[in-house]
Amino acid sequence: MRILDKYILKEFLGPFLFGVAAFTAIFLGADTLLKIADYVTKYGASSTAALKIFILALPRIIVYTFPMAVLLGALMATSLSGSSELIVMRTSGQSFSRLVMPIFLLTFLISLCAVAFNEYVVPWTNRKYEQVINIEIKRNLNPGVTDHVILRDVQNGKIAHL
């Protein structure tokens, strides 16, 4: 890997990771934390159940933030800085497509990882999220089985169906 590729990837990774963290924090604050506060106040959820919900909600949110973070990182890396580094690279004979090729390859790898993450990790965490809400917080356990239940349909003082 050339020094130029390493430099461009370093310029991409900083804003990308910042974007993942910032957009995840925005989504968490706007939706998940409000739901957790509602569960704590309405159902009296414990702090461990609230922490479980918080952790299990992260994968679903992170998958949404990857495209936005890639866009942020790519825009910041191609503008590079105020000292016109991209112009210097272009005038030294590098084509724009050659300069952004490391970003394209890394974003393709990120998108493949995001698809795999969305296919394997997110469904499992969503199931666990719903289990924590239904069993630990709302305490809606599955109904039990009872024996010897008799249902009668009484019409005009007489049993019509038993």
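A residue is termed buried when its relative accessible area is under 20%. The legends below describe a predicted model.

**Figure 1. Overall architecture of the predicted protein.** The secondary structure consists of 4 helices and 2 strands, arranged along the sequence in the pattern α-α-α-α-β-β. Of the 162 residues, 28% are buried. Among contacts with a separation of 6 or more, 76% join residues 24 or more positions apart. The exposed surface amounts to about 11100 Å², of which carbon and sulfur atoms supply 66%.

**Figure 2. The stacked pair F12 and F16 in helix α1.** The protein holds 3 aromatic pairs. In the pair formed by F12 and F16, the centres lie 5.6 Å apart and the planes meet at 15°, a stacked arrangement. These two residues are 4 residues apart in helix α1 (residues 3–43), and are therefore separated by about one helical turn. Both F12 and F16 are buried. Ring pairs also bring in F66, giving a cluster of F12, F16 and F66.

**Figure 3. The tilted pair Y39 and Y43.** The ring centres of Y39 and Y43 are 6.2 Å apart with the planes at 40°, so the pair is classed as tilted. Helix α1 carries both residues, 4 residues apart, or about one turn of the helix. Y39 has a relative accessible area of 13% and is therefore buried, whereas Y43, at 33% relative accessibility, counts as partly exposed.

**Figure 4. R60 over the ring of Y129.** R60 is placed over the face of Y129, at a distance of 4.9 Å from the ring centre.

Key:
Residues numbered from 1 in each chain as written. Predicted model: local features only at pLDDT ≥ 70, side-chain atom pairs only at ≥ 80, totals over all residues. Heavy atoms only, no water. Buried < 20%, exposed > 50% of the residue type's maximum accessible area, 1.4 Å probe, protein only. Contact = heavy atoms within 4.5 Å. Areas by Shrake-Rupley, 256 points an atom, 1.4 Å probe, with all protein chains shown as cover. Phe/Tyr/Trp six-rings, centres within 6.5 Å; stacked < 30°, edge-to-face > 60°. Lys NZ or Arg CZ within 6 Å of the ring centre and 35° of its normal.
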